[in-house]
Every structure is written in structure tokens, then in C-alpha cells.
Amino acid sequence: MSGGIHFHGHGTPGEDGSPNPMPRQLPADIRGFVNRTHELDELNAVLADEDGRPLVISVCVIAGTAGAGKTSLALRWAHQVQDRFPDGQLYVNLRGYDPGAPVTAQDALHRFLGSLGVRPGSVPQDPDSAAALYRSLLADRRMLIVLDNAATVGQVRPLLPGSAGCLVVVTSRSRLSGLAVRDGARRLTLGTLPQPEAVALLRAVTAGYRPEDDPDKLTELAGLCARLPLALRIAAERAASHPHMKLDDLIADLRDESALWDALSTGDDEEAEAVRTVFAWSYRALPERAARLFRLLGLHPGPEFGLHAAAALAGLTVPKTRQLLDSLVGAHLLEQTAPDRYQFHDLLRAYATDQAQHEEPPEERSAALCRVLDWYLHTADAAQSWISPAELHLSLTPPVEGVQPLSFPDYDTAVDWSEREHTNLLQAVQAAATVDDRLAWQLTAVLANAQPPSAAFADWPSVGRLGLEAARRLGDRSAEAQLLTELGMSHTRNNRLTESHASHSVALGIWRELGDRLGEAHSLNLIGLFHLRTRQLADAASYFEQALTVFREQDAAHWEATTLSNLASTHYRAGRLPEASAAARQALAAHRALSNQRGEGNVLRLLSHVEHEQGDEEKALGTAREALDIALTLRDHRLEGYWLLTLGDAQLANGQPTEALASYQRSATLHRRLGNRSREAMAWNGTAQAYRHLDRHKEAAHFHRRAAAAHRAFGDTWDEAMALDGLAEALVIDDPEAARTHWTDALGLLAGYDDPRAVEARARIESRRAEAD
């Protein structure tokens, strides 16, 4: 049994249970705290204004994440202030989170009394009598008492002095709120090492053993180790013992949770268990229901989660789950990031997962995971009602017992949830693919329609393929066709047009095989969009007209209006303005009748272009602004980015190049964030046009070149030709020979098009090239 050690005069606290005082040279994991000036200042504030006067009895609780260095900070500070406590210092490790039995207050009192000169036979056996003797011996002394690793207020309170002159510093994984309420304790919450100190610790351990590592990689490694000194030291020693091992490799191991503890192991059993023990101390002190929730949370698909997801995972009520989560936060095994929002660090999550694997029966693990996946499925389905109301809902079985999905009162609330949970939903599909094919494909399909409008285009395809594989394993042809359709649309957004066409063509075949006319019409419409994007305008119009016929037959008014909008775009691209205007206005009336804001905004975008070409510039500007307002209302970055291109065009036509420049640059930023490089290039081309209007031809040429190169990479020959035409215009005054070359290249790209707009463009470019001769 460990006990307290008394240090007379200017002695220093020693390692609990060791006959020798702690060495003056601090080990590496403690040296990292030397610069914790903020926390040291807070401790020093406890002693403020007491110089020369008796110290009023004070208690300071240092609470923090397991392994954050509470003991190290307390001992470091004890070294610094030893002259303020001439009668010495007492230290005891209460082992409140030890795997074994903790040190009781009675045991600690016996050790302290022995250090204070009381012979073992004279120590009272009665706890109250021992506490009274302890307080009487401290009454006239000025001492620092360090109570390390306290788990409960009950361990601490009997060890508090009863009069002025002493200071008690308590370190704990818990907040020990009772000490603050009843004993006036001052709490100092200690986080993990600050990033610079964590990196410095890594450097200190690896110095002389390996070439200097990239600071960014060291920062990433420190983050993966939760900036915990022990974890940092172990990882650093692994790096030092493998001087030719890239940090990227160690980081990759750390990110693989299944290999996490192996990656941290140095081969020394004692040190390999050090990090794990830090967490075990806290975990094993939990009540059983809290411990069960902790390990079940290790099964959650993502490291951050909400209260209701945790309740579904545990199969508990929301109030009971909140109570248990609060206890985990209090034990610093979880971090609360917002109201009813929590997260693990990777290391703690890995530990929780490991405990679940060892302590929960397989059937219980499977049931818990399926509950939370079912919760995500049904809640995402509810969000889809607001985010994509026109899309058909899947026919879902009722939620399993213990699952209470959320519902949403309005669009913004649904989008807020979708944004918060986007990463979890992606990871939920990955988890479902390992346990339940039905859940996997349904989650994938619902997520496609419940993604937040701000989601990057590249996020969904990887899980889309997982869902498709699950549907094929089940032999569900309808599900397969639905996911092929979603994959095709996703490929289009990511400028993978060949893959998009292939997906839609296979889906079309399945719909026809199943006799699903509505599914067939969707595929016809989407194949038409492929031809529109690749400027095969006659083919596009043919597919749209076929889709329109079926949508009308099926009385699908929303999709009829949508396809009519696409047909209007085809007429516009071809330069047939009267046909484009008539179809667009018919589609606009239909979308407004259906209260379909997305459809309405898209038609307004098209009408702005038509109005501009018809010479009504002011009206075109107002129409573009109306469209953009809809995108902003919907919080849809995809629509905002695209429709900003139209606004920029209208602003240029109205003599507002500075405003247009801002619109194009905002569009480029959004499209880069979303991963749509083709439309980002369109924004660059618009930026160049704005610079030309501002007579900044050097900047214009730069952005035209960037746009042309990007469109060339994507095989967008029409847009490449338009960028080269603009580049020639930017160069024609200073370098007419280069301008003629670019116009010649543009004409070559346009040679394969025979629609009216292409004919007009070739004629204009040929004329400009001739003028430059």
C-alpha cells in the first residue's frame, strides 16, 4: 500500500512509494510542462497577497484529461513554491483510477500521520480520530499537501487541514464539484499539452536518432497522440528506434484503429501499457451503466456524435443517456463540444472500441450498431423531406425497438442536422456494409437525397459504390438501378462524364427490364443531360422529349417541369432563343405552381441569359439576382456557385465589371470547395472577362489561360474554345500573332459543331482573326 511522504523544510515531493525524492532533472514527459505559464500563473494566484501573512486555508483542484500531466504540473509548481511552505510538503497518490483498489482516506491519513512524526502504534484506528489528530498537527504549520489522482470527494475531504496556513492541491480526472461547492475549492481544468510543447517533446525524444522531421508531420503525429505526454513519448521512441521509418507510415498506423496499440508499442511491455492504463484508470472507475455506454460509443461510426444517436446506440431513453454522458464528460473520457454534442479523441475512441470487443457479446455489439444505423437511416429520411422534397422516399420498415428518430420542423433545421452529421452518415454506410446489406444500400440511397447542400461533390461516390455492391449482393434489381442513377448524377457533378453515361445506360436497361416507366423516364432525362454537357444538342433534345412523354404519361408534374427546363437549356445552347424562351417560361410557371424553388431558380438563371441576348440587360440583371436569392435561401453552395456565373455575366452587361469580378471570384471559391473543377474554370474565364472590361489585360490573359488549360484537361472543347477566344482578345493589341494563333486553335475546336450558335461563333472568330492580320 502506498503512503504519503513528508518533506521537511525545503525538501521536494518524491515518487509515491519510493524511498528517494523525485530527481531534480525532470523526465521528458514532465519537461513538456515547463512553459505552461497560464496554468502556473493560476496556481500562483492561489498564493497571491499572502506573503508575510498566514495563508488562509485553500484547496485547488487540477482536473483534466487522463494523461494530461496534472501530476507533472503539480510537482513542477511544488518545486517553484517550496520556499513558501517552510514546514514542508506532503504528497500522496490516491490511485483513484488504478485497476486495483484505491488508497482510502484512512490509509492516506495513517501515512501522513507517520510522516508528521506520529509513531505507528499511536495512530488512531478510528477515521474521525485520525482526521482530528491530523488537523491538530497541521494547525500551526505552513505546508503544501498534494493529493494526486483523487477519484471522489470522499477520498479528499478527510485529508483537508482544518485551519489557516496550508494549501491543498488535488489532481483528478474528475471535476470533484463537491469540493468547489462545500469547501471553496478553486478548479483549474488542465488540457493536453499545447501544440508547440507537444511537438517540442517529440523533437526532444527523437533528437540525434533520425533526420529532422517535417514540423507539419510532427504536429499531425502530436494530434493523433491527443498531445498526451505518455502517448507522445511512446510514439516518439518508436520513431527514434526506426530512424528510416517515415513519419507518414507511423501516422498511417495511428489512423488505423485496429492497429493503434501495436503502433504505439515500443516492445517494452511496461511502456506499451502506459497509454492504455491512463484510460483504464478512468474507465474502470465508472459505474457499470456509464462504462457500458462508453464502450458502446466506441462502436459509433464517427468520433463525434449527438445525444440522440448515443441514446439509440445504447437503447436507452434520452434523459438517461444525457445523465450518463455527463458522467463521462466529468471523467474526461468524452469532450462536450456543444449542447448535446460530444466527441472522442482517436486514442480514447480506440480504447472504447477495444473494450467493446472484449466486454460486449457479439450479438450485443451487432444490435447496438444496427440500432444507431437505423436511427441515422430514419432521421436522414426525415431530413430528405425538407432537403429534397421531390425525391421519392424509400419504403422503410419501422425503426427497431429503442430507436426514436428525429423529425424536423423546417428546412433550416433539417439542413443544420445534415451538415452536422454528414461525416457520420458517410461512415455509417461504411459500417453498414460490414453488417447488413439492406441497411447499407438504403443508407446510401437516402444519403444521396439528404446530403447538405454545401457537401463536396467528391464525398458520396465512394459510399455510393458500397451501396451498389450491397444491392447486388441482395439481388435487388430496383435498388441497383436506383443507386446506378445516383452514381451517374454524382459522376456528372465530378466531371466524370463517361462514367456517368455508362451508369445511366445500365440503369435504363434495368428499369426497362423491370417495366418501371418512371425509372426509365429518369434515366432518359439524365442521359439527355450527358448529351447537353457534351454539346450533342440534337441527341440531348431527343432524350428530353422521350422523357417528357413518359413523365406526362405518369402524371409526374415535378419531373415534367424539370425536363422541360432541360429542353429549354438545349434550345438556348443551340442559339434558338424563341424556343428557349417559350419552354423556359412554361417550366417557370410549372415550378412556381409546385413551389419548387430549386427548379424556379434554375429557370430564372436560364431566362437571365435569354434576356441578356435579347438586349434587355437591366431585366437580365434583376432575374439573375432573383435566382441567386433562392440559392442563398436554400443555403445551397452548388446552386449559388453556378448562378453566380449568371449574375457576373449580367453585371458585365450592365457595366459593372468590379461587381462582376467579385461574383466570379466567389463562384470560383465555391466550386473549388465543392470539387467541381469544370465550373471553377468557367468562373476563371468570367474573371478574365471582368479584367478585360477593367483594361487589366495581363490578369485577363492569365485567367483565360488557366480556364483553357482546365477545360482542355476535362475534354470540354466548347468551353476551351471560348477561353481561347477570350485569351486572343486579351492579347490582340500587344501580341497580335499570338492572338491569331489562339483564334485558329479555337476554330479547330469548334469545327465539329453545326448548331446556330456554333456557326455564329465561328463566323465572329474568323472575322476577328482577319482583322488582326
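This tour begins with the whole chain of a predicted model and then visits two helix pairs.

**The whole chain**

Display the protein chain as a cartoon; its secondary structure consists of 36 helices and nine strands. Next, select the full set of 773 residues, of which 54% are buried. With a surface representation switched on, the accessible area amounts to about 32,100 Å², and carbon and sulfur atoms account for 49% of that area. Should contacts be drawn, consider those between residues at least 6 apart in sequence: 67% of them join residues at least 24 apart.

**First pair: α19 and α21**

Select residues 411-432, which form helix α19, together with residues 460-474, which form helix α21. The two helices pack at an angle of about 25 degrees, and their axes lie 9 Å apart. Angles under 35 degrees count as roughly parallel, and α19 and α21 are therefore roughly parallel to each other. The crossing of α19 past α21 is left-handed. Now show the side chains of L426, V429 and Q430 on α19, and of W460, V463 and L466 on α21, which make the contact. Five of the residues in this contact are nonpolar and one is polar, with no charged residue.

**Second pair: α20 and α22**

Move to helix α20, residues 437-450, and helix α22, residues 477-493. Here the packing angle is about 35 degrees and the axes are 10 Å apart. α20 and α22 cross in a left-handed sense. On α20, select W441, T444, A445, A448 and N449; on α22, their partners are A479, Q482, L483 and E486. Colouring this contact by residue class gives five nonpolar, three polar and one charged.

Key:
Residues numbered from 1 in each chain as written. Predicted model: local features only at pLDDT ≥ 70, side-chain atom pairs only at ≥ 80, totals over all residues. Heavy atoms only, no water. Axes fitted to C-alpha atoms, helices over the stretch in contact; angles between N-to-C directions. Helix = DSSP H or I, 4+ residues; strand = E, 2+ residues; numbered from the N terminus. Parallel < 35°, antiparallel > 145°, perpendicular 65-115°, else oblique. Left-handed = near helix turned anticlockwise from the far one by under 90°. Contact = heavy atoms within 4.5 Å. Nonpolar A, V, L, I, M, F, W, Y, C, P; charged D, E, K, R; others polar. Buried < 20%, exposed > 50% of the residue type's maximum accessible area, 1.4 Å probe, protein only. Areas by Shrake-Rupley, 256 points an atom, 1.4 Å probe, with all protein chains shown as cover.
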